[in-house]
Amino acid sequence: LFQVVHAHKPHFMALHCQEFGGKNYEASMSHVDKFVKELLSSDAMKDYNRARVYLDENYKSQEHFTALGSFYFLHESLKNIYQFDFKAKKYKKVTGKEIYSDTLESTPMLEKEKFPQDYFPECKWSRKGFIRTRWCITDCAFDLVNIHLFHDASNLIAWETSPSVYSGIRHKALGYVLDRIIDQRFEKVSYFVFGDFNFRLDAKAVVETLCAKATMQTIRAADTNEVVKLIFRESDNDRKVMLQLEKKLFDYFNQDVFRDNNGTALLEFDRELSVFKDKLYELDISFPPSYPYSEDSSQGKQYMNTRCPAWCDRILMSHSAKELILKSENDEKIVIYDHIGPNVCMGDHKPVFLSFRIAAGAGKPIANVHKCCVVQ
């Protein structure tokens, strides 16, 4: 993260985290405070004299807990930064460094919501939801939305239909968020939505393509007759196993297909965003699937054999936000959409970032150019 900050030197930086505290948050949440203090006091961030940190740490409140964490850093050179108060419906100048945690419900500087339980009933205590903040930089206003959508509970169920039932659940939840941020309560502004969307490749189409010349063996449970495993073997070549598919197993014999040329050959199966093409824009993806990486610290580039690798982590924007981003006037790469730590173990997700400049005159005629960086 610090290498990215040093390389791009953003004036305004947004860092969005999901599953704050980790999988075992009851035991691990105590480490969060140390992490936050280290981040705020680090030498790499010394030129950021203002910060806002919002951490949903109140895991005892199952009704509201989302485990989302949103960090915002403002460089000392940046003047006149305002954040929106959703309760008072007015902007307030940002000064100093402030940390909000536990119950974010009472903080008027954000909107936080957990998706209704009936969106994903098979997960008893889902932490999926979103946090929204609104900012104004030199008269240019925009929303930043930290989002975490629903995962695929079973590879076998995801494989049954195209698109999968899980894809439909994610569409419903993302549609709900977009409706919320463009409703009539507040003035409409450009918006960036970034986080773990859990977008998956079209499993049925991927398997049919990867195993086009394979024969499939179905294994069922003896007591229930339920399908518990699918084995795809090559028709010749001594019937070599190409793919084994279980609820939480996606063991394909050649991981290189997901890494070669950043997995570009599989982008045609990344279809979930197409439903929102009228509302959301994304820059071209030029990094490998961001999930599921091995959590072995010595295996920074290796995928786990639990799920089909996919671009779960994304940075999306409204079409009006696209117009804010400064277009390159020469060959210089001003807008960069990439991943962080390609060779470093950073958990099962590889973070992605978007670095860009807000275009001169964006929002209002008197707007100045400032460099932004958003990190999922």
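The radius of gyration is taken here over C-alpha atoms, and the globule rule is 2.2 Å times the number of residues to the power 0.38. For the 376 residues of this protein, that rule gives a value near 21 Å for a compact globule. The protein has 22 Å, which agrees with a compact globule. The model is predicted.

The C-alpha atoms fill a box of roughly 70 × 50 × 40 Å along the principal axes. The protein contains 8 helices and 18 strands. Of its 376 residues, 53% count as buried. Among contacts with a separation of 6 or more, 66% link residues 24 or more positions apart. The exposed surface amounts to about 17500 Å². Carbon and sulfur atoms supply 50% of that area. The protein carries 51 positive and 52 negative charges. The mean positions of these two sets are 4 Å apart.

Strand 4 was examined next. This strand spans residues 81-85 and is mostly covered. Of its 5 residues, 4 are buried. Strand 4 pairs with strand 8 and with strand 5. Strand 8 covers residues 129-137 and runs antiparallel to strand 4, with 3 bridges between them. Within this pairing, Tyr82 has Cys136 of strand 8 as its bridge partner. Strand 5 covers residues 90-93. It is also antiparallel to strand 4, and 4 bridges join the two. Here Gln83 is bridged to Lys92 of strand 5.

Strands 4 and 5 form a hairpin, with 4 residues between them. Lys89 sits in the turn of this hairpin. That places Lys89 in the loop between strand 4 and strand 5. Its phi is positive, about 60°, although Lys89 is not a glycine. Most residues other than glycine have a negative phi, and most peptide bonds are trans. Asn80 is another non-glycine residue with a positive phi, near 55°. Asn80 lies in the loop between strand 3 (residues 69-75) and strand 4. The relative accessible area of Asn80 is 39%. Asn80 therefore counts as partly exposed, because this value falls between the 20% limit for buried and the 50% limit for exposed.

Helix 6 spans residues 203-210. Its buried residues are Ala205, Val206, Val207 and Leu210. These buried residues pack against both helices and strands. The helical partners are helix 4 (residues 155-160) and helix 7 (residues 256-259). The strand partners are strand 12 (residues 227-234), strand 13 (residues 241-246) and strand 14 (residues 249-252).

Two cis peptide bonds are described here, each preceding a proline. One joins Ser162 and Pro163, with omega about 0°. Pro163 is located in the loop between helix 4 and helix 5, the latter covering residues 165-181. Helix 4 is also one of the elements packed against by the buried residues of helix 6. The other cis bond joins Tyr291 and Pro292, again with omega about 0°. Pro292 is found in the loop between helix 7 and strand 15, the latter covering residues 313-317. Helix 7, too, is among the partners of the buried residues of helix 6.

Notes:
Residues are numbered from 1 along each chain as its sequence is written. This is a predicted model: local features need pLDDT of at least 70, side-chain atom pairs count only at pLDDT 80 or more; totals for chains, interfaces and linings use all residues. Side-chain values use heavy atoms; hydrogens and water are left out. Buried means under 20% relative accessible area, exposed over 50%, partly exposed in between (1.4 Å probe, protein chains only). Contact means heavy atoms within 4.5 Å. Two strands pair if DSSP finds at least two bridges between them. Accessible areas come from the Shrake-Rupley method with a 1.4 Å probe; for residues, only the protein chains shown count as cover. Lys and Arg count as positive and Asp and Glu as negative; His and the chain ends are not counted. The place of a charge is taken as NZ of Lys, CZ of Arg, CG of Asp or CD of Glu.
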